[in-house]
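Reader: Please take me closely through one part of this model and what surrounds it, and give the cut-off behind each term as you use it.

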Amino acid sequence: MFSKKIVLSSLVALGLSVFATASEKIVVGATPIPHAEILEVVKPLLEKDGYTLEIKEFNDYTIPNLATQDGDLDANFFQHLPYLNEFNKNKGTTLVHTAGVHLEPMAVYSKKIKNIADLKAGDTVAVPNDPTNESRALDVLASAGIIKLNSNALKTILDITENPKNLKFIETEAAQTPRSLDDVTIAVINTNYALNANLNPSKDALVVESGKDNPYTNYVVVKDTNKDSKKTKALDKAINSDEVREFIKKKYDGAILPAF
């Protein structure tokens, strides 16, 4: 018969063994499509390295950044560098980018016209109202010859220098731009929100942003003090894996492009 000491020692050792093999949790905030979908592919890859990935979905650009700054999230995945830099400047946050993952080309959509040349005088245009995405949307319209802009780095509708069709611009939250399609002639929509509304830039858009030398790659973002943490390194390794690259290529069929 085993002594009580031996039994107790065995139980303690078993408990320590279970504790040692328990995985650490990595909590990442993301918008649903494509970011959360991509993170689902990352889950089993992180499990192999001893981490459990918890994905928290947001239909908002501000909350996940503030939650990452406050430590409620280990990281977030939804934004490009121009947006991140502007956010840090305006909010006093100390967020930094790590792994670049994909590019979502912004595009122009409509339920009322089939060709951008069909725009008429006085038609309405919806654009995102946050500084970087509004500027980006206006650049897309300028590239199509619809308007002309001044040379300011970040542009708003006040920076339109020529508007030959006297288009009326409506500024709205980026997440709401797909819903605006029922009320406006055209809307310039971020691809993550377009896909969530069953719109594909490679099939449904009137104008698509060029991918050449594009600064709008989407990155993993963490608080500056966590940039070199083991969790961040594990997340970056998994999200820049061959498995994720192939998933992006096959799943989104050119609507989203891998950036690594």
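Author: Asparagine 198 is exposed, with a relative accessible area of 70%; exposed means over 50%, buried under 20% and partly exposed in between, with a 1.4 Å probe and protein chains only. This is a predicted model, in which local features need pLDDT of at least 70 and side-chain atom pairs count only at pLDDT 80 or more, while totals for chains, interfaces and linings use all residues. Residues are numbered from 1 along each chain as its sequence is written, and side-chain values use heavy atoms, with hydrogens and water left out.

Asparagine 198 sits in the loop between H6 and helix H7 (201-204), where helices (H or I, at least four residues) and strands (E, at least two) are DSSP runs numbered from the N terminus. Its phi is positive, about 60 degrees, although asparagine 198 is not a glycine. Most residues other than glycine have a negative phi.

Aspartate 253, likewise not a glycine, has a positive phi of about 50 degrees, and this residue lies in the loop between H9 and E13. In the preceding helix, H9 (residues 242-252), Val244, Arg245, Ile248 and Tyr252 are buried. They lie on the same side of H9 because they cover an arc of only 105 degrees around the axis, the arc being that of the directions from the helix axis to the C-beta atoms. On the other side of H9, Asp242 and Lys250 are exposed. The buried residues of H9 pack against helix H2 (32-48), strand E4 (95-103), helix H6 (191-196), helix H8 (230-239) and strand E13 (257-258), with contact meaning heavy atoms within 4.5 Å.

From there one can turn to the interior. The largest nonpolar core has 30 residues, and those with the most contacts inside it include Val28, Leu39, Leu46 and Ile239; such a core is a set of buried Ala, Val, Leu, Ile, Met, Phe, Trp, Tyr and Cys residues joined through side-chain atoms within 4.5 Å. Among the elements that give two or more residues to this core are H2, E4, H8 and H9, and H2 gives the most, with 8 residues. Leucine 46 touches Ile26, Tyr51, Leu53, Ala234, Leu235 and Ala238, if residues up to four places away in sequence are not counted. Apart from this core lies another, of 20 residues, among them Leu138, Leu141, Leu167 and Val207.

Helix H2 also contains proline 34, which a cis peptide bond joins to isoleucine 33, with omega about 0 degrees.
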